[in-house]
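Hi there,

Here is the structure I promised to pass on. My notes on it follow below, with the cut-offs spelled out along the way.

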2 protein chains.
Amino acid sequence: MNPTRPQALGSTTHNSPQGVSRMRRQSTAADGQRRATVTDVARQAGVSTATVSRVMNRNYPVAEATRARVEAAMRDLGYVVNAHARALAGASGRTVGIIVNELIDPFYAYIARGVEREAALGGRLCLVCCAQGDPQRELAFVELMHERRADAVIVVGGSVADRGYTSELARRARELDAGGSKLVLCGRPPLGEQAPTAAVEYDNEGGAFAITDHLLMQGHERILYLGGPPKLSTTRDRLAGHRRALELRGVTPDPELTQTGTFSRNFGYRRMTELLQDGPEFTAVFAANDIVAAGAAQALEEAGVRVPEDISLVGYDDIPVAQELRPRLTTVHVPLEEMGRQAVRLAVGGGDEDDWREPTAGALRLGTHIVVRDSVAPRSGRTARM
Amino acid sequence: MNPTRPQALGSTTHNSPQGVSRMRRQSTAADGQRRATVTDVARQAGVSTATVSRVMNRNYPVAEATRARVEAAMRDLGYVVNAHARALAGASGRTVGIIVNELIDPFYAYIARGVEREAALGGRLCLVCCAQGDPQRELAFVELMHERRADAVIVVGGSVADRGYTSELARRARELDAGGSKLVLCGRPPLGEQAPTAAVEYDNEGGAFAITDHLLMQGHERILYLGGPPKLSTTRDRLAGHRRALELRGVTPDPELTQTGTFSRNFGYRRMTELLQDGPEFTAVFAANDIVAAGAAQALEEAGVRVPEDISLVGYDDIPVAQELRPRLTTVHVPLEEMGRQAVRLAVGGGDEDDWREPTAGALRLGTHIVVRDSVAPRSGRTARM
DNA sequence: TTGAAAGCGCTAACAC
DNA sequence: GTGTTAGCGCTTTCAA
């Protein structure tokens, strides 16, 4: 815990205006090298630090000859500007933060990609963290990113409507806002009126409605909803759309047919296996997402149940695995990458640096649509467990 | 490269040529709020800034009552420490940078996950960038991360042995090193003696050797090597292992059977389709990675060629898709996540803050092994295009 | 076109 | 235990 700064050899400390001959921040290896600073560059080029700064930022006229000398000096010294100093001195840190559950989950990876690309267009770098589904971790990361003065902090994915958590996040949102940053909710519900956030949503409920209706149109009425943490907003919305479709067609939802759990492949596999042996009857499965669908597909396969002849299967998200499964999975497409892009645009405006133009509105909702592939067929006479 | 602010990442040059100045980074909305600083907290709590600092850092005794007052003040003011100021004042920025080709590629995503997790253990945040296979972009990102004074900059994935590029990267490595940071090469060859880097490799050649041998043992001799950028170190190593195995069994490599290209699914699909119609004969396919294998599998499927009965197929990397393909793909396992973890450990030492102990050695190589699943069978009488 | 100098917010000697 | 104070490296008035 002791960030001791290897201090100064007192003798040289005070002499010339540029008295700088000490060393700090040594690498563990013996090096002795100190990083070059503007002052070094200025001295070497025989100009003032102000001029060096102007050369770097190209925001003020500098004589060609001077510029050349300065640039040569920078090269000679291996000078690399210190972003911390620059940020401290007033400039933006040119950083956006993004917090996802899990980087290896394509749902998040695609959104992260959108964020990264859009950020890069604006010359910004991305801080990315994985909260692993833990709200406390998420909150801690928001704080860490605030400390870094990120231009925007984007939290991705569904959330649980916990009282304490929500108000805590709202507080962070206010603090960020007060400092000129923005908290962006990506794929989750708003925090409430008093929280200054931006938001990018997608029509989650609508997608679930559409794909359920697709199933209903094929004659399926006993549809198993499988997976997804029951308290997560994502699950709730999907379930809501699912039920709305059911009710619209006069099908009464059977509680036994709602088997929530997690978003994992493993859950899909295990629960499906159990249900096939000893569960309610159904002719179609609506997996909470494509990953769960992959697990379910394996269970079905192992049980000798044919998809879609015996049972139809659909997923959600339309991540790449949907195209690798056999039969190829019918699912709901979500504009993941675009969500990521919009999230940063919402918070920091278009690519260019000095965005006088107001960033996009404060919230937007992108559409979803179903992608019909090969995993759905008209209902046959059979049901699971025949 | 111009030591000036390396833009290049975005489409537009930020820094408009003319005065950007004015207006110190306020939020676009009218806020007027200034962020609280240590000084504010100190005043509010009736103590000095030093005390506030001590309370925050818990690195020096502070009276309970004082601490309480300070903490209350921080809370009241919504104080959030400024990491830039802190870093400037001497502390480490507690950041590690990682540069990958593509976040949605599981190969990189797993490594990134390892990096993120290990970094988080040490209380560090990750800057992540996607170079998209462009060496210039990569170089620019290294620079940007250096500006941010990342404790380590990890570049992931194969590289092409370009003269200029290599020396440029080596230069950056030296600059980073001089400042106490480390450039870590993850899954790529060293830069040469004069470059102070750390490195995490995996036994790429060995894995290719092993899986080729596996194919040979099943009687396959005409093995098609499919995909991967021909100049990339990754491809070269895999091909080297492949050929070594061939030669060891007395099989003369047929140039026609080496069809390099890219690492994409699409390439696998298209080239495979072409080859099936009009190419050399072969009884097995060694896809450069699992993604290419997925594409090849689809081509095979559409051509009515059975795997593994008619043709055997193997991949490389052992990413999740390998388990979704039917038949499940035999492939080479690479300890991706572990590579990421080791990369940060190598550069910044174990989790704890003041790592006086020297980080792990300067380079290490992790093992690979084949994972036998269902996509390989003994050679049948048939060959492709019978 | 250039220079001098005042900070930005924080940490860490060094007093007291 | 706590306060004073001198920077850390850069940007940006304000003068020249």
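In the residue classes used here, Ala, Val, Leu, Ile, Met, Phe, Trp, Tyr, Cys and Pro count as nonpolar, Asp, Glu, Lys and Arg as charged, and the others, Gly among them, as polar. A residue is near a strand if one of its heavy atoms lies within 4 Å of it. With those terms, the surface near DNA strand D divides into 14 nonpolar, 12 polar and 5 charged residues.

Some housekeeping: this is a predicted model, where local features need pLDDT of at least 70 and side-chain atom pairs count only at pLDDT 80 or more, while totals for chains, interfaces and linings use all residues. Residues are numbered from 1 along each chain as its sequence is written, chains are lettered from A and ligands numbered from 1 in the order in which they are written, and side-chain values use heavy atoms, with hydrogens and water left out.

**DNA strand D**

Of the 31 residues around DNA strand D, V38(A), Y79(A), R86(A), T51(B) and T66(B) come nearest. Sugar or phosphate makes up 66% of the strand D atoms within 4 Å of the protein, and bases make up the rest. A polar backbone atom of V38(A) is 2.4 Å from a phosphate oxygen of the strand, and a side-chain N or O atom of N57(A) is 3.3 Å from a phosphate oxygen. A base oxygen is also 3.3 Å from a polar backbone atom of A89(B).

**DNA strand C**

Here 32 residues surround the strand, and T51(A), T66(A), V38(B), Y79(B) and R86(B) come nearest. Of the strand C atoms that come within 4 Å of the protein, 69% are sugar and phosphate. Phosphate oxygens of strand C lie 2.7 Å from a polar side-chain atom of T51(A), 2.8 Å from a polar backbone atom of A63(A) and 2.4 Å from a backbone N or O atom of V38(B). Helix α2(B) gives the most to this surface, with 5 residues; helices here are DSSP runs (H or I, at least four residues), as are strands (E, at least two), numbered from the N terminus. By class, the surface near strand C has 16 nonpolar, 12 polar and 4 charged residues.

**Domains of chain A**

The assignment gives domain 1 (27–81), domain 2 (95–203 + 336–367) and domain 3 (204–334); such bounds come from an automatic or database domain assignment. The C-alpha centres of domains 2 and 3 of chain A lie 29 Å apart. In contact (heavy atoms within 4.5 Å) are 12 residues of domain 2 and 15 residues of domain 3. Together these domains bury about 1,100 Å², 58% of it on carbon and sulfur atoms; buried area is the accessible area (1.4 Å probe) that two parts lose on being put together, summed over both. On the domain 2 side, Y202(A), D203(A) and L336(A) lose the most area, together 43% of what that side buries.

**Salt bridges**

How many salt bridges (a side-chain nitrogen of Lys or Arg within 4 Å of a carboxyl oxygen of Asp or Glu) does the whole structure hold over all chains? The search finds 60, while the count between domains 2 and 3 of chain A is 0. One salt bridge pairs E102(B) with R117(A) (3.0 Å, N to O). E102(B) lies in the loop between β1 (95–100) and α5 (106–121) of chain B and R117(A) in helix α5 of chain A, so this pair joins two chains.

Best wishes

Technical notes:
A polar contact is a pair of N or O atoms within 3.5 Å; within protein, one must be able to donate a hydrogen and the other to accept it, and residues adjacent in sequence count only if both atoms are side-chain atoms.
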